[in-house]
Amino acid sequence: IRSVNAAFDPSKSDSANLLAADQARGSIPGLAANALDMSHEARMARAKEMGFDVDSPVIHYTRSKTPFNEFRKSEPNEAFGPGVYVTTSDEYGAAFGNTKMDLLSRAKTPFLWDTDDIAGNMRRLREVIPDIDEMYSADRASNTRKLGPTDEKYMWKPDEFALRGSGDLNGKIVDRLSAAGFDSIKTVGH
């Protein structure tokens with residue numbers, strides 16, 4: 001993931017820095033040969049060359065009041081497991097913070113999660129993780145937190161699964177999807 005404002009310097013393609021600029025370039029006055037063209041068009045062309053999807057930007061919302069240049073995965077005990085969460089919806093994303101970050105992604109093989117087709121999601125998930133039912137049942141048995149009134153709708157009903165277990169379980173699901181070749185989970189639907 002990179003900021004749409006990144007330099008997209010190929011020499012920094014593996015950097016965790018969202019802006020990924022080579023600090024040495026252009027830092028010597030009069031050395032124009034080393035300077036990157038920072039026009040929007042040139043940055044997007046470099047981004048595309050580096051494998052970023054410039055036609056489908058994503059958004060990250062954060063509660064952070066100060067800007068940051070590097071993502072770190074969320075902690076495994078959070079609701080949906082470790083990861084960096086992005087969306088294409090301002091309405092959805094704004095629920096997670098007031099600071100909006102426009103980003104580009106290199107995700108090529110997302111596992112599609114359709115919020116309007118839970119049974120289809122489960123069929124696709126079972127194709128990749130045949131023991132998902134057992135994993136979820138074991139997680140619920142070992143998860144001692146008291147269920148709140150709204151959690152009842154997330155109880156394990158095999159054809160109504162809503163990616164809602166402990167953060168540990170969801171981390172395991174993400175690991176298994178990753179091992180199967182998926183590089184992200186893309187939620188579609190309303």
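This passage walks through a small sheet, a buried threonine, an aromatic pair and a set of salt bridges in a predicted model.

A convenient place to start is the sheet. Three strands make up an open sheet, arranged in the order β1-β3-β2 and paired in the antiparallel sense. The two edges are taken by β1, covering residues 2-3, and β2, covering residues 58-62, and each of these strands pairs on one side only. Between β1 and β3, the latter spanning residues 99-104, the antiparallel pairing runs over two bridges. One residue-level detail helps to place this pairing on the structure: Ser 3 has Leu 103 of β3 as its bridge partner.

From the sheet, attention can move to Thr 87. This residue sits in the loop that runs between β2 and α2, the helix of residues 90-93. Is Thr 87 buried or exposed? Its relative accessibility is 14%, and because the cut-off for buried is under 20%, Thr 87 counts as buried. The side chain of Thr 87 also makes a polar contact, reaching the backbone nitrogen of Ser 89 at 3.0 Å. Once neighbours within four places in sequence are set aside, the contacts of Thr 87 are Val 58, Ile 59, Tyr 92 and Gly 93. Of these, Val 58 and Ile 59 belong to the stretch assigned to β2 (58-62), while Tyr 92 and Gly 93 fall within α2 (90-93).

The aromatic side chains come next. The count of aromatic pairs comes to one. The partners are Phe 111 and Phe 182, whose rings meet edge-to-face, with 5.4 Å from centre to centre and 85° between the planes. Phe 111 belongs to strand β4 (residues 110-114), whereas Phe 182 is found in the loop between α5 (167-179) and β5 (184-188), so the pair ties together parts that lie 71 residues apart in sequence. The two rings can also be described by their accessibility. Phe 111 counts as buried, at 4% relative accessibility, and Phe 182 counts as partly exposed, at 23%.

Charged side chains complete the picture, with a count of four salt bridges. One of them joins Lys 100 to Asp 90, with an N to O distance of 3.1 Å. Since Lys 100 lies in strand β3 and Asp 90 in helix α2, this pair ties together parts that are ten residues apart in sequence. Lys 100 forms another salt bridge with Asp 102, where the closest N and O atoms are 3.9 Å apart. Which residues does this network of salt bridges link? Asp 90, Lys 100 and Asp 102 are its members. Each member can be placed by its accessibility: Lys 100 is partly exposed at 39%, Asp 90 is partly exposed at 37%, and Asp 102 is partly exposed with a relative accessible area of 37%.

A further salt bridge is formed by Asp 133 and Arg 126, with 2.9 Å between the closest N and O atoms. Here too accessibility is worth a look, as Arg 126 counts as partly exposed at 23% relative accessibility.

How values were computed:
Residues are numbered from 1 along each chain as its sequence is written. This is a predicted model: local features need pLDDT of at least 70, side-chain atom pairs count only at pLDDT 80 or more; totals for chains, interfaces and linings use all residues. Side-chain values use heavy atoms; hydrogens and water are left out. Two strands pair if DSSP finds at least two bridges between them. Helices (H or I, at least four residues) and strands (E, at least two) are DSSP runs, numbered from the N terminus. Buried means under 20% relative accessible area, exposed over 50%, partly exposed in between (1.4 Å probe, protein chains only). A polar contact is a pair of N or O atoms within 3.5 Å; within protein, one must be able to donate a hydrogen and the other to accept it, and residues adjacent in sequence count only if both atoms are side-chain atoms. Contact means heavy atoms within 4.5 Å. Rings of Phe, Tyr and Trp (its six-membered ring) pair if their centres lie within 6.5 Å; planes under 30 degrees apart count as stacked, over 60 as edge-to-face and the rest as tilted.
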